[in-house]
Amino acid sequence: MTADTFFQHLANALSLGSLYALLAIGYTMVYGVLRLINFAHGDIFMLATYFAFYIATTAIMPWWAVFILAIVLTGIFGVVVERVAYKPLRDYPRMSIMISAIGVSFLIENLATVVFGGRPKAFSVPELFSGLVMFGNVRIITVNLFIPVVTFVMLIILLFVVNKTKTGMAMRAVSTDFDAARLMAIDVNRIISFTFLLGSLLAGVGGVMWSLKYQQLQPLMGIMPGLKCFIAAVIGGIGSIGGAVLGGFILGMIEIMAVAFFPGATGYRDVFAFVLLIIILLVKPSGLLGKSSADKV
Amino acid sequence: MKKSIQISVILVIAATMLFVGCGKPASKTVKIGVFEPITGANAAGGSLEVDGVKLANEMYPEVLGKKVELVIVDNKSDKTEAANAAARLAQKEKVVAVIGSWGSSLSMAGGPVFADSKIPAVGASCTNPLVTKGNDFYFRVCFIDPFQGTVMANYAFSNVKAKKVAIVQEVSNDYSVGLAKFFTDAFVKLTNDPKSIVSVSNYNTGDQDFTAQLTNIKAQKPDAIFAPGNYTESALIVKQARQLGIKAPFLGGDTWETPDFIDVGKEAVEGVVFSTFFATEVPITDTSKDFLKAYRDKNAGKDPAAVTALGFDAYLVILDAIKRANSLDTVKIKEEIAKTTKFPGAAGFITLDQDHNAVKSAVIKTVKGGKFTYLTTIEPNVQ
């Protein structure tokens with residue numbers, strides 16, 4: 001393998017990895033606060049891309065306004081999902097909420113198929129994101145430069161909100177113990193809604209970046225990325241925001257490098273991701289950066 | 001109070017049963033099943049075929065003095081769902097014949113169900129040889145992949161003057177893997193060089209990132225890339241290849257001819273070359289002209305895709321067989337379909353050979369100025 005080819009692979013891997021990381025931080029944050037694996041995360045991500053698509057085709061406004069509006073709508077949608085499908089189950093075992101999340105996921109997928117149609121839609125990309133940058137012989141489309149930047153900005157904002165603000169402190173309190181937090185005069189419902197708002201906004205940002213990169217929308221496009229970022233979150237240690245970013249990069253790197261070094265195994269790309277998940281669960285169930293906890297399931 | 005509710009519930013149930021009971025024998029329609037992907041990865045292809053079937057149904061709505069009713073089921077572009085959808089047509093809807101499906105894998109999933117229920121199925125554009133092989137009840141109105149693969153290998157060798165070709169195949173799709181293999185066999189024979197296929201890369205249905213495979217291919221510097229597969233993934237592959245600076249021409253198969261391929265690929269898919277069944281530029285039969293006129297009248301002057309013409313033909317072939325059988329017995333209809341000879345369809349004359357396949361010419365098209373454009377016709381005897 002020549003150096004150029006290797007660096008091209010590396011660039012591809014970093015761009016894919018940062019996209020996984022971006023999706024995984026929203027996933028892991030919701031888990032961190034609620035101990036709920038939000039299976040609908042991937043589908044909310046899919047909705048964000050359709051929101052952006054329909055706003056862009058019906059309204060005349062600059063692209064950044066389209067994206068902001070789509071992301072905000074996605075956030076609101078996430079809160080609505082929480083109110084309708086998760087809140088009534090708050091006092092039931094966590095398993096019930098998880099099953100409800102799976103139900104929401106199927107509901108969104110099938111509704112989207114009916115409403116948006118099963119045929120793929122093409123997403124038009126502003127020129128800023130479709131330009132070409134050459135580093136020697138390594139070719140990078142500008143959107144691939146934006147994705148890691150966006151991922152790190154989101155990471156920093158999220159870490160700031162969780163660790164430095166009062167709401168973040170309340171989120172951490174809720175994550176430790178619902179009832180104790182309630183006794184400390186924390187409005188648990190408001191905090192949970194806020195968590196979902198934040199998580200869905202992140203899914204929205206991820207959706208927009210994804211459609212800028214792949215430029216194609218399908219109602220079922222959220223399933224695989226949803227699974228992948230779940231794996232990324234588990235590798236990094238589910239609940240750990242820094243871990244999700246690390247997990248995302250590791251996953252992207254493994255998927256691309258597996259193909260680069262074992263060209264015969266190209267059909268098994270996804271297998272590498274799932275095998276890695278199994279190994280991590282066997283060797284270090286709490287993930288690379290996760291804290292081990294005995295009883296939370 | 002409670003009792004009156006009970007009684008009314010019983011009455012309602014009894015009334016419903018009565019309706020269901022008298023609904024069945026009163027049916028004076030002939031049911032033909034349409035077995036196509038309406039949702040999922042193959043939705044665009046499936047919808048195009050359904051368009052053709054519906055148009056044929058509007059133009060020829062009756063057979064043996066009865067109205068033809070289309071029962072459209074969605075096989076969801078999924079092999080498991082396809083088997084379920086086929087069972088629904090065969091057992092619940094009791095159709096006399098089935099049209100479809102776009103996508104050979106889906107047809108193959110439905111095949112055993114139709115054979116067990118002794119219902120004839122006529123595929124419109126499923127080109128993998130295994131769809132009809134060993135299945136007495138499956139037919140098709142299109143050519144098969146050994147021919148298509150040879151046509152494209154000839155094109156790569158003679159027109160592109162390629163010496164080295166890289167293959168990108170959708171490994172979970174029987175159509176793609178089959179066509180890639182037939183292309184490889186033919187191309188290696190033409191070049192007399194087993195190393196003329198420099199690499200075979202795989203991907204899975206639904207993948208969106210192909211940069212790793214394409215970066216490998218770029219390093220191998222092939223003269224052409226043969227990438228048969230579903231139009232959605234294929235459009236992304238061509239697009240990502242151009243972004244990575246791969247300039248080699250892309251060759252593909254009939255599945256690329258959907259408007260969505262150009263929508264998604266945009267300027268990146270300019271110049272790709274693929275084989276397909278029919279070109280509006282060269283109408284072959286009188287039926288072609290009728291079909292083109294009806295389609296254009298209905299769709300504001302737009303030209304139909306080849307698979308739409310084939311969906312149209314599949315319907316006509318079934319109707320013709322029912323007429324000749326003069327019966328709605330599915331086995332008799334099947335026997336008549338097998339005898340189809342020189343039937344003038346929209347996409348050319350249809351003669352079914354002993355393996356239930358149509359022997360037809362192939363058409364080569366390219367994308368030019370955002371439109372599918374006719375290049376040339378290749379007759380079946382070229383093999």
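Two residues are taken to be in contact if their C-beta atoms, placed from the backbone, lie within 7 Å. By that yardstick, the contact in this predicted model draws 25 residues from chain A and 29 residues from chain B. On the chain A side, at least two residues each come from α1, β3 (138–141) and α11 (241–261). The top contributor there is α1(A), with 5 residues. Sorted by character, the residues of chain A that touch chain B come out as 11 nonpolar, 11 polar and 3 charged.

Turning to chain B, the fold holds 12 helices and 15 strands. For its 383 residues, a compact globule would be expected to have a radius of gyration near 21 Å, and the 23 Å of chain B agrees with that. Taken along the principal axes, the C-alpha atoms of chain B fill a box of roughly 80 × 55 × 45 Å. Some 56% of the residues of chain B count as buried. As for contacts in chain B between residues at least 6 apart in sequence, 70% of them join residues at least 24 apart.

Back in chain A, helix α7 (residues 166–176) has A:Ala170, A:Met171, A:Val174 and A:Ser175 buried. Viewed down the axis of α7(A), these buried residues fall within an arc of 140°, so they line one face of the helix. The spacing fits a general rule: an α-helix has 3.6 residues a turn, so residues three or four places apart point the same way. Cover for the buried residues of α7(A) includes α1 (3–34), α6 (142–164), α8 (178–183) and α9 (188–214) of chain A. Exposed residues A:Lys166 and A:Thr176 sit on the face of α7(A) turned away from its buried side.

Notes
Residues are numbered from 1 along each chain as its sequence is written. Chains are lettered from A and ligands numbered from 1 in the order in which they are written. This is a predicted model: local features need pLDDT of at least 70, side-chain atom pairs count only at pLDDT 80 or more; totals for chains, interfaces and linings use all residues. A residue is buried if 20 or more other C-beta atoms lie within 10 Å of its own, exposed if 12 or fewer, and partly exposed in between; C-beta atoms are placed from the backbone. Helices (H or I, at least four residues) and strands (E, at least two) are DSSP runs, numbered from the N terminus. The arc is that of the directions from the helix axis to the C-beta atoms. The radius of gyration is taken over C-alpha atoms; the globule rule is 2.2 Å times the number of residues to the power 0.38. Ala, Val, Leu, Ile, Met, Phe, Trp, Tyr, Cys and Pro count as nonpolar, Asp, Glu, Lys and Arg as charged, and the others, Gly among them, as polar.
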